[in-house]
Amino acid sequence: MVKDNNFIVDKTPWIAEALTGPRLKLITRPRRFGKSTNLSMLEAFLTKNETLEAMNLFAGFSIQNDTKFEKIRMNHQHKYAVLHFNLSGCSSVSTALEFEDWFLRYLKRVLGRNLRQYRRFFEPREEQG
């Protein structure tokens, strides 16, 4: 695909591959082979976020246009509160105890940020009656 004089490789079928098959997946690739990019794409696809939905990021790509992906779109697109963990900041820790301390502080920050972002999903719904 060419867009604004740039070549774009449609990697969106990987979303369907990631969401089907075994529940646990080990993604092994050499450095600079798109692991983080693919996971960011998956996060954007799954995240329940009005801004992302309005941007229609997947317009023109296979995952949005191909009928074979319709079930995946209906069941998964913009349906989840996605938690993103980046463990690259723990590279300075050298013991298991330091890692545990670092990770607990990091987890509190991430969960606090996500709780604020997704607060409305945790509030009780009004019953219709």
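How do the residues of the lining of the largest pocket divide into nonpolar, polar and charged? I opened the notebook with that one, and the tally came out as 14 nonpolar, nine polar and seven charged. A reminder to myself before going on: this is a predicted model.

**Entry 1: the largest pocket**

I looked up the volume next, and the largest pocket holds about 990 Å³ of space. Its lining has 30 residues, and those closest to the centre are W14, A18, I27, L39 and L42. I then asked which elements give two or more residues to this lining, and found α1 (13–19) and α2 (35–46). Helix α2 gives the most, with eight residues.

**Entry 2: the second largest pocket**

What is the volume of the second largest pocket? I noted about 210 Å³. Here 13 residues form the lining, and V9, K11, T12, T37 and M41 are the closest to the centre. I sorted this lining as well, and it divides into seven nonpolar, four polar and two charged residues.

**Entry 3: the nonpolar core**

I turned to the largest nonpolar core and found 16 residues in it. Which of them touch the most other members? My list reads I15, L42, F45, F58 and I63. The elements that give two or more residues to this core are α1 and α2, and α2 supplies the largest share, five residues. L42 now has two mentions in my notes: the residue is among those closest to the centre of the largest pocket, and it is also among the core members with the most contacts to other members.

I followed F45 a little further. Leaving out residues up to four places away in sequence, F45 touches I15, L19, F58, I63, I72, R73, H76, Q77 and H78. I15, F58 and I63 in that list also stand among the best-connected core members. H78 was the contact I picked for the following entry.

**Entry 4: H78**

Where is H78 placed? I found H78 in the loop between α5 (70–76) and α6 (96–117). Is the residue buried or exposed? H78 counts as buried because its relative accessible area is 11%, under the 20% cut-off. The side chain of H78 reaches the backbone oxygen of T47 at 2.9 Å. Beyond its neighbours within four places in sequence, H78 is in contact with A44, F45, L46, T47, K48, L52 and E53.

**Entry 5: Y80**

I stayed in the loop between α5 and α6, where Y80 also lies. Y80 has a relative accessible area of 34%, so I wrote it down as partly exposed. Which residues is Y80 in contact with, leaving aside neighbours within four places in sequence? They are L46, T47, K48, N75 and Y118. L46, T47 and K48 are on the contact list of H78 too. I also noted a polar contact of 2.7 Å that joins the side chains of Y80 and H76. One more distance went on the page: the C-alpha atoms of Y80 and E43 are separated by 9.2 Å, with their positions 37 residues apart along the chain.

**Entry 6: N38**

My last lookup was N38, which has its place in helix α2. N38 is buried, with a relative accessible area of 16%. Leaving aside neighbours within four places in sequence, N38 is in contact with K11 and W14. I had met both partners before: W14 is among the residues closest to the centre of the largest pocket, and K11 is among those closest to the centre of the second largest pocket.

Terms used. Residues numbered from 1 in each chain as written. Predicted model: local features only at pLDDT ≥ 70, side-chain atom pairs only at ≥ 80, totals over all residues. Heavy atoms only, no water. 1 Å grid on protein atoms, 1.4 Å probe; cavity = no way out; pocket = protein on both sides within 12 Å on 5 of 7 lines; lining within 4 Å. Points joined across faces, edges and corners; volume = space filled by probe spheres on them. Helix = DSSP H or I, 4+ residues; strand = E, 2+ residues; numbered from the N terminus. Nonpolar A, V, L, I, M, F, W, Y, C, P; charged D, E, K, R; others polar. Core = buried A, V, L, I, M, F, W, Y, C linked by side-chain atoms within 4.5 Å. Buried < 20%, exposed > 50% of the residue type's maximum accessible area, 1.4 Å probe, protein only. Contact = heavy atoms within 4.5 Å. Polar contact = N/O pair within 3.5 Å; in protein donor to acceptor, adjacent residues only side chain to side chain.
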